[in-house]
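Student: Could you take me through the salt bridges here in one close look? I'd like to see which side chains pair up and how buried or exposed they are.

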Amino acid sequence: MGGVIGQGDEAEVLARVRGGDGAAYGELVDRYALIAKRTAVFLGAGADADDVVQEAFVKAYRGLGGFRDGAAFRPWLLRIVANETRNAVRARGRRLRREELAAPLDVVLDPADAAVSLERRTELLNAVRTLPEPMRLVVTCRYLLDLDEQETAVVLGWPRGTVKSRLHRALGRLRDALPDKEVQR
């Protein structure tokens, strides 16, 4: 559960869903619910994340007829999650609950390392929060959600070159904001 399935397995499951096998869609939900919720939280859904994910899965199911055979389901689903998150944020008057972004990232360290790590992570996440929205979104997808460039492009609905250029500018700003810290190039 929660893992990425292979392209062949995914195609087989999608074929079963299109053939009317409701349980097969349940397999996709089981496999992608965690990353869908992380995406919603990191993109600003906050307390609405569960609702956003549920609506995204419903819309994905309804939209399977337009899903291109051979395409990867995960980035397509995460784009729907991203769109639903934007809708939820807009609906509540753009009040982002950014404290969700600072939630610990399931890292187990010794107490001393954990304190230093938490401080560094907090500084970095605070710096990410100050970025303009397009830069914040691309950093979130690439580094907090661990999506590759192509998946980030699909999720955000941007050309791959835009992802690269915005990521480059965002990392430059983070290096400037955290000059004594390591910021990945």
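Tutor: Happy to. A salt bridge here is a side-chain nitrogen of Lys or Arg within 4 Å of a carboxyl oxygen of Asp or Glu. By this rule, the predicted model has 10 salt bridges. The general idea is simple: side chains of opposite charge can pair when their charged atoms come close.

Let's begin with a linked group. Glu12, Arg16, Asp21, Glu27 and Arg31 form a network of salt bridges. Within this stretch, Arg16 and Asp21 pair through their side chains, with 3.2 Å from N to O. Arg16 is partly exposed, at a relative accessible area of 26%, and Asp21 is partly exposed too, at 28%.

Now for a pair that joins two helices. Glu84 and Lys59 meet in a salt bridge of 2.7 Å, N to O. Glu84 sits in helix H4 (residues 73–91) and Lys59 in helix H3 (residues 49–62), so this contact ties together parts that are 25 residues apart in sequence. The two partners are not alike in accessibility: Glu84 has 10% relative accessibility and counts as buried because the cut-off for buried is under 20%, whereas Lys59, at 36%, is partly exposed.

Helix H4 also contributes Arg74, which pairs with Glu151 of helix H7 (residues 149–156). The closest N and O atoms of Glu151 and Arg74 are 2.7 Å apart. This pair links distant parts of the chain, 77 residues apart, and both Glu151 and Arg74 are buried.

Note on methods: Residues numbered from 1 in each chain as written. Predicted model: local features only at pLDDT ≥ 70, side-chain atom pairs only at ≥ 80, totals over all residues. Heavy atoms only, no water. Buried < 20%, exposed > 50% of the residue type's maximum accessible area, 1.4 Å probe, protein only. Helix = DSSP H or I, 4+ residues; strand = E, 2+ residues; numbered from the N terminus.
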